[in-house]
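Work through the following exercises with the sequence and the model side by side. Each task is followed by a solution that proceeds step by step.

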Amino acid sequence: MDRNEIQVNIGSTLSDEDNKMQTNNEAVPGIRISGISRRFGRKQVLRDINMDIYPGTIVGITGMNGSGKSTLLSILAGVQKPTSGTCSFYGRDMSADRSVFSSMIGYVPQEDPLIEELTAAENLMLWYGTGAVRKQDAVQSLQLESFLRERVSRLSGGMKRRLSIACALAGNPPILLMDEPSASLDLHQKELVRMFMMQHAAKGGIILLSTHDKDDIMCCTELYYLQEGIAVRKNAEETVRCLMEGRI
């Protein structure tokens with residue numbers, strides 16, 4: 001089963017098997033995080049994280065720097081392994097089926113995974129193949145056309161961020177994991193990315209993001225606050241107030 005079979009109205013349709021799972025979202029969430037913990041030596045970074053995340057949602061994770069937000073996303077992307085616990089994506093357990101990472105997940109890490117010596121178009125070709133890069137939906141929706149021929153080393157931070165998001169969209173993954181997606185973006189670019197996130201969710205996709213941006217937080221359908229490795233569900237308005245008061 002590849003990405004084009006599992007995605008929910010994102011350039012294709014669900015396979016028959018996944019349509020059955022999708023019929024009752026309460027039975028099979030798009031992401032089910034079960035008891036994930038992560039320890040580095042004596043430091044417990046994540047403690048028994050449990051979440052059910054359903055198609056069509058944008059779920060935000062906030063918390064102080066070093067609270068474990070990036071660690072959690074990297075575990076869900078398959079970059080790190082948890083000390084204990086597991087996660088399933090549309091019913092497929094990540095510990096038993098490692099192919100789930102390449103078939104279902106697009107990951108935007110905090111550091112842009114780009115090759116500086118190549119142009120923006122050449123970076124995209126590494127993910128999309130040598131086809132018509134300009135015609136890709138991500139290139140158009142994120143407005144990358146104007147700098148496709150530029151070397152990445154010459155791009156601004158905001159351009160690199162949008163290019164990284166476009167790379168993560170190769171294969172139309174139904175699940176996007178985004179670590180601080182608004183970092184380095186100006187107001188217009190942030191609005192572009194938020195519009196994309198809302199469109200992705202409206203088509204049945206899932207976005208799980210870490211953020212300190214108040215406008216990103218207000219876009220979320222669910223919100224969690226990480227403190228001392230524990231995830232606590234929060235209200236968006238309350239979280240924005242804490243952010244403005246410098247408590248996050």
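A residue is called buried when its relative accessible area is under 20%, exposed when that area is over 50%, and partly exposed in between, with a 1.4 Å probe and protein chains only. Helices (H or I, at least four residues) and strands (E, at least two) are DSSP runs numbered from the N terminus.

The model is predicted, and local features need pLDDT of at least 70, side-chain atom pairs count only at pLDDT 80 or more, and totals for chains, interfaces and linings use all residues. Residues are numbered from 1 along each chain as its sequence is written, and side-chain values use heavy atoms, with hydrogens and water left out.

**Exercise 1. Describe the chain as a whole.**

Begin with the secondary structure, which comes to 10 helices and 10 strands in the protein chain. Next take burial: of the 248 residues of the protein chain, 52% count as buried. Finally consider contacts (heavy atoms within 4.5 Å): among those between residues at least 6 apart in sequence, 65% join residues at least 24 apart.

**Exercise 2. Establish how far strands β3 and β8 are covered, and find their pairing partners.**

Step one concerns β8 (residues 206-210), in which 5 of the 5 residues are buried. In a regular strand the side chains alternate between the two faces of the sheet. Applied to β8, this separates Ile206, Leu208 and Ser210 on one side from Ile207 and Leu209 on the other, and both faces are covered.

Step two repeats the analysis for β3 (residues 58-63), where 6 of 6 residues are buried. Here Ile58, Gly60 and Thr62 lie on one side and Val59, Ile61 and Gly63 on the other, again with both faces covered.

Step three is the pairing, for which DSSP must find at least two bridges between two strands. β3 and β8 pair in the parallel sense over 4 bridges, and Gly60 has Leu209 as its bridge partner in β8. β3 also pairs in the parallel sense with β9 (residues 222-227), over 5 bridges, with Val59 opposite Glu222 of β9. β7 (residues 175-179) is joined to β8 by 5 bridges, the two strands running parallel, and Ile175 stands opposite Ile206 of β8.

Step four adds the connection: β7, helix α8 (residues 187-202) and β8 make a right-handed β-α-β unit, which means that, with the strands pointing away from the viewer, the path from the first strand over the helix to the second runs clockwise.

**Exercise 3. Trace the antiparallel sheet and place helix α3 against it.**

The open sheet has 4 strands in the order β2-β1-β4-β5, with antiparallel pairing. Its edge strands are β2 (43-53) and β5 (92-93), each of which pairs on one side only. Between β1 (residues 31-40) and β2 there are 7 antiparallel bridges, and Arg32 stands opposite Asp52 of β2.

Helix α3 (residues 69-76) lies across β1, β2 and β4 (84-89) and runs at about 120° to β1, where axes are lines fitted to C-alpha atoms, for helices over the stretch in contact, and angles run from 0 to 180 degrees between N-to-C directions. Of the 8 residues in α3, 7 are buried, including Lys69, Leu72, Leu73 and Leu76. Just after α3, Gly78 takes a positive phi of about 85°.

**Exercise 4. Which residues have the most contacts inside the largest nonpolar core?**

A nonpolar core is a set of buried Ala, Val, Leu, Ile, Met, Phe, Trp, Tyr and Cys residues joined through side-chain atoms within 4.5 Å. The largest has 33 residues, and Leu124, Leu144 and Leu163 have the most contacts inside it. At least two residues each come from α5 (120-128), α6 (137-141), α7 (157-168), β7, α8 and β8, and α7 gives the most, with 5 residues. A second, separate core of 29 residues includes Ile31, Ile33, Leu73 and Ile105.

**Exercise 5. How many disulfides does the structure hold?**

With a disulfide taken as a pair of cysteine sulfur atoms within 2.5 Å, the structure holds 0. The sulfur of Cys219 has its closest cysteine sulfur in Cys220, at 6.9 Å, which is too far for a bond.
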